[in-house]
Amino acid sequence: MTALLAIICVVLLAVIAVQVGKVTELAGKIRGEEEVQEQTNRMNGSIGMIFMIVFLVATVVSAFYYRNWMLGYGPHEAASEHGMSLDYLFNVTLFFTGIVFIITQILLFYFAWKYQGKKDRKALFMPHDNKLEIIWTIIPAIVMTFLVVGGLDVWNETMADVEPGEEVIEFEATGYQFAWALRYPGPDGKLGTRDYTKINGINALGQVWTDEKNMDDLMVDEIVLPKGKKVRVRIIARDVLHNFYLPHFRVKMDAVPGMPTYFVFTPTKTTEEYREELSKYPEYQAPDINEPEKMLWETFNYELACAELCGKGHFSMRRLVRVVEEDEYEVWLNGQKSFYLSSIRGTDEDPYKDELLDFEIKERKAAFNSAVNKARAAVEDSLRIIRLENVNFETGSSTLTPLSRYELDNVVDMLNQYSNMTIEVAGHTDNTGDAEANQALSESRAKIVYDYIVARDIATDRLNFAGYGQDRPVDTNDTDAGRASNRRTEFKILTQ
Ligand SMILES: [Cu+2]
């Protein structure tokens, strides 16, 4: 129905246009072509003047009306050091081009009105005027020189890299369809190397795990930065062109596959300070549609966007940016766990799967020693038993897993330290399967541990071994967790 009405309207308008044309033609014939031409000229001139006034007023009024929503104006001062200079440069350019824009528009429409065609008016023939040429070449040239020189100065400041040895926080942003992978260097302050051939389902960046610098690198969901510190972002893309855009910091740089780019900037306002600024403007006193119990200024966040139309999921490349005071940044950074330790350690991807890292060896040794000290101090017999948490066997067999040797070495070290100590090594199983088989398995497992220790030059009269099968459970055999805790290797301090 609406479509039908619209079609009818269009047809009627076309009919009116044709009729007006016909009437004008007839009027021309009656009153004479020239008089009609003059009347049309007058009308065109006046309509032009009205258009000019409405257009200029609307331009200025709308810019004024929306000033507090625009980056660079009202509360939206730049939140970075170089951003202030960029905004200043933009405003200087806007000032000069604005003057030229308004003068040209006024002259354009005024001349069309003032010199409209009249019967006895003749056009002035002016093929060339040196004075005019000089004026409108020299003035723009001088203004342009100042703008370009000033602009270059700001450009060099904006694009400057860090000096060698300068203190800087560096992180890496990799754009891909459709998100950003954000990597921080961890406590060593250095980002580890990458190799595209290593990229797979869990190693999205192709980090090389044999490079020690990679082990403490963090993958984060949100960019957190301290106020007043220089930040350098390494920017790259994995598939197509993306663009790393932080509008509030006036940072914008292409992310190009295969060609690393960078941007250096210094945040000058924390998120809280920026919110505080916004709260002074009535535009931000309205409730947020998404969180009606909060005002717009309270829910403000800096953000990272992709400023390249990179595909249909482009919109989802938004990430939040949080600028905090330096001590809060330290707390945040220390609370993050390295990607290697949380997601790669122990998996098939891990080249160190079958060995412990230095800090893990130290941690386990400390835990073992404290258990030994506790047992040595105990009076009751049952408390003198130490469970070997990190001694494990392949399922159903008495083959030690590669990582078990570290714990067994701790046992050897203990026996060397307390030269009068004697122990009994004991194997236990859960109640799954045949009791006799379990008995045999527990015995052979205890024997393997015994053999390992004896092979490390501990006298055979200082230890013996026993298998107890499923007879001495320490937990229920009805749950997985219970059975796991019943399958165990332990030793008992007999004399110390
Ligand atoms: Cu993108």
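How many of the 7 residues of β12 are buried? In this predicted model, 5 of them are, so strand β12 is largely enclosed by the rest of the structure. The close-up views below begin with the domains and return to this strand in its sheet.

**View 1. The three domains of the chain.** The chain is divided into three parts: domain 1 covers 30–117 + 132–159, domain 2 covers 169–344, and domain 3 covers 358–495. Taken over C-alpha atoms, the centres of domain 1 and domain 3 are separated by 85 Å.

**View 2. The packing of helices α1 and α2.** Two packed helices are described by the angle between their axes and the distance between the axes. Here helix α1, residues 2–31, packs against helix α2, residues 33–65, at an angle of about 125°, and their axes are 6 Å apart. That angle makes α1 oblique to α2. On the α1 side the contact is made by T24, A27, G28 and R31, and on the α2 side by E33, E35 and V36. Sorted by character, the residues of this contact comprise 2 nonpolar, 2 polar and 3 charged.

**View 3. The surroundings of N214.** N214 is found in the loop that lies between β2 (179–184) and β3 (218–220). Is this loop residue buried or exposed? N214 counts as buried, because it has 25 C-beta neighbours inside 10 Å, and the cut-off for a buried residue is 20 or more. Leaving aside neighbours within four places in sequence, the residues in contact with N214 are G192, Q207, V208, W209 and Y340. V60 lies outside this close-up: N214 and V60 are 154 residues apart in sequence, and their C-alpha atoms are 54 Å apart in space.

**View 4. The surroundings of V224.** V224 has its place in strand β4, which spans residues 223–226. With 20 C-beta neighbours inside 10 Å, V224 counts as buried; the cut-off is 20 or more. Which residues does V224 touch, not counting those up to four places away in sequence? They are R322, V324, Y329 and W332. From C-alpha to C-alpha, V224 and L278 are 20 Å apart in space, and 54 residues separate them in sequence.

**View 5. The open sheet of 4 strands.** The strands of this sheet follow the order β11-β14-β12-β13, and their pairing is mixed. β11 (385–387) and β13 (463–467) stand at the edges; each has a single partner strand, so one side of each is left without a neighbour in the sheet. From one strand to the next, the twist averages 25°.

**View 6. Strand β12 and its two partners.** Strand β12, residues 422–428, pairs with strand β14, residues 488–495, in the antiparallel sense over 7 bridges. Within this pair, I423 stands opposite I493 in β14, and G427 stands opposite T489 in β14. With β13, strand β12 pairs in the parallel sense over 5 bridges. Here E424 of β12 stands opposite N464 in β13.

**View 7. Helix α10 on the sheet.** Which strands does helix α10 lie across? Helix α10, residues 435–455, lies across β12, β13 and β14. Relative to β13, helix α10 runs at about 160°. One of the strands it lies across is β12, the strand with 5 of its 7 residues buried.

Key
Residues are numbered from 1 along each chain as its sequence is written. This is a predicted model: local features need pLDDT of at least 70, side-chain atom pairs count only at pLDDT 80 or more; totals for chains, interfaces and linings use all residues. Domain bounds come from an automatic or database domain assignment. Two strands pair if DSSP finds at least two bridges between them. Helices (H or I, at least four residues) and strands (E, at least two) are DSSP runs, numbered from the N terminus. Axes are lines fitted to C-alpha atoms, for helices over the stretch in contact, and angles run from 0 to 180 degrees between N-to-C directions. Two residues are in contact if their C-beta atoms, placed from the backbone, lie within 7 Å. Angles under 35 degrees count as roughly parallel, over 145 as roughly antiparallel, 65 to 115 as roughly perpendicular and the rest as oblique. Ala, Val, Leu, Ile, Met, Phe, Trp, Tyr, Cys and Pro count as nonpolar, Asp, Glu, Lys and Arg as charged, and the others, Gly among them, as polar. A residue is buried if 20 or more other C-beta atoms lie within 10 Å of its own, exposed if 12 or fewer, and partly exposed in between; C-beta atoms are placed from the backbone.
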